[in-house]
Amino acid sequence: MDSAAAAAGATDMTAKTRKERSVSATLAAATCALLGSTAAAPVDAQEEPKWDFNTSLLYYGEDENRVQDVSLKSIIRRLFTDDRALTLGLTVDTLTGATPSGAIRQDVPQSFTRPSGISSYDVPAGELPLDDTFKDTRVAITAGWQQPAGEKGLLSVGFSASKEYDYLHTGVNASYAHDFNNRNTTVSAGFAFASDSIEPVGGAPIPLTNMLDVGDTSNRVGDQDKDVLDVVFGVSQVISKNLLVQANYSFSQSDGYLNNPYKVLSMVDSVTGDTLTRTPGIEGGPSGLFLFESRPDERTQHSVYTQAKYFMNGKVLDASYRYMTDDWEIDSHTLDVRYRWPIGDSSYIEPHVRYYTQTEAEFYRLSLVDDSLVPLPQFASSDYRLGNFDAITAGLKYGWKTRNDNDMSIRVEWYTQSGTVPAGQLIGNQASRDNYPDLNALIVQFSYRFSR
Amino acid sequence: MGVQPWEREILAREDMQLTTDPLEAATDDHIYFSKEASSGGRGFGGGGCGCN
């Protein structure tokens, strides 16, 4: 999520801004120097220029040799006079591993053409088909500028971009937050617009056409694109000296190419539920009928997010809940609780639990049925992320201050997904197989933060 | 409801900010955007990856 760091809820910024206001009022001289300005600066500068460096190294690893990600992230924030701030972010991800192709398990070995179309791979009998071609480097940048607008307003604008081998994202965002009620209430509104282009390896396949033999690219077309508009309205409210709450409503509209160009569905016999077989070409190819997925070219999501921060005698409870619903008929609930528990004056531990559940998209299908009496659906995807599943994250973070008063932390978390295919979709032999690709991942993140 | 300006000592603490750790929040948003069908809520929705 590129815009998150720069724009992590305009309402978040106001409390911090108040704290920084006294500091920033003294930074004019440094600001002018940095900007190359010759304007006379206020002379009451008593504090040093303020830079905030936040860097982390992340390992994300799924079991069974699925996706592995090593990610380096940095956010640098420069505070200028009058509460103006520049925030720059950089993320570099190195991704490897295998990902479910969308085809179902079979009792016999299967073969598939790789997305590139220039070679094939085999999957042993009984195993979940995983495409192990996945290898990518992702570089993402963000830039954000924040400044007061009037006495009680705060305006933020930002830019984001990221590049992978097959994906380019560019986006802009802006938000405005306004304090009311003796600064106890903050109302905010913001938007983000993204324009992304997708250049699938080997070309984007025409939806619901067959995976073809190695060397046959007749169903591949050129690059694709999509636009995403996000709008967020929020309000945060100070309830008491110890309690702060927030509520956001978000609207998101995606238009364009929303398929995953690498995902297929198995075409199965209407009685046995087994994949229909074919003979691969001389240079290799699919051993069965696998059709590329097809999703609608638009999606509208609505979500409500609420969060509370409660200070209890040194400990801080951070609880949030999100409800999301969309016109693909996915509904989800997310509950997230963190509890920060100080140990002495300079360290803390923070247990974290997150529960997530979603219903499947209306066009989620485990497989497609070969039946001359029933036409293929217009839309179909077996992407497990569009299925019915629950996920739990459990983790622990330990943070401490270094001798130089810098912040360090390490967190270790486990993420597990477990899904079910709707019983009505299981045909013949499918009922006795493990159809849903459950996911288990380890997340380890080390962070370092210092200010100058 | 609400407090006076001189009662903000606790609310001004770093650990009482709505987003205590922006890097961690951005990391989580990206992971869950990649693995689930929902995104955003806290701030803007996810994006910017062809996550497989």
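1. Two residues are in contact here if their C-beta atoms, placed from the backbone, lie within 7 Å. With that cut-off, and leaving aside neighbours within four places in sequence, A:L291 is in contact with A:L208, A:T209 and A:N210, and also with A:V264, A:L265, A:M267 and A:L368. Please keep in mind while reading that this is a predicted model.

2. Several of these names return in the largest nonpolar core, which has 15 residues and in which A:M211, A:V264, A:L265, A:F290, A:L291 and A:L368 have the most contacts. Strands β16 (264–269) and β17 (290–292) of chain A each supply at least two residues of this core, and the largest share, four residues, comes from β16(A). As background, in soluble globular proteins nonpolar side chains tend to be buried together.

3. A second core, separate from the one just described, consists of eleven residues, and among them are A:A391, A:Y415 and A:A441 from chain A together with B:Y32 from chain B.

4. The strands β16 and β17 also belong to an open sheet of three strands in chain A, whose order is β17-β16-β22 and whose pairing is mixed. Because β17 and β22 (367–370) of chain A stand at the edges and have a single partner strand each, one side of each is left without a neighbour in the sheet. From one strand to the next, the twist averages 35°.

5. Within this sheet, β16(A) and β22(A) pair in the parallel sense over four bridges, and A:V268 can be found opposite A:V369 in β22(A).

6. Where the two chains meet, 74 residues of chain A are in contact with 39 residues of chain B. Strand β14 (residues 224–240) of chain A gives the largest share of the chain A side, namely seven residues, and that side as a whole divides into 30 nonpolar, 28 polar and 16 charged residues.

7. Chain B has one helix and zero strands, and of its 52 residues 71% count as buried.

8. On confidence, the mean pLDDT of chain A is 90, and 89% of its residues reach 70 or more. Over residues 1–46 of chain A, however, the pLDDT is below 50, although this stretch has 125 contacts in the model beyond near neighbours in sequence. Where pLDDT is low, the predicted coordinates should not be read in detail.

Conventions:
Residues numbered from 1 in each chain as written. Chains lettered and ligands numbered in written order. Predicted model: local features only at pLDDT ≥ 70, side-chain atom pairs only at ≥ 80, totals over all residues. Nonpolar A, V, L, I, M, F, W, Y, C, P; charged D, E, K, R; others polar. Core = buried A, V, L, I, M, F, W, Y, C linked by C-beta atoms within 7 Å. Buried ≥ 20, exposed ≤ 12 C-beta atoms within 10 Å, placed from the backbone. Pairing = 2+ DSSP bridges. Axes fitted to C-alpha atoms, helices over the stretch in contact; angles between N-to-C directions. pLDDT = per-residue confidence, 0-100.
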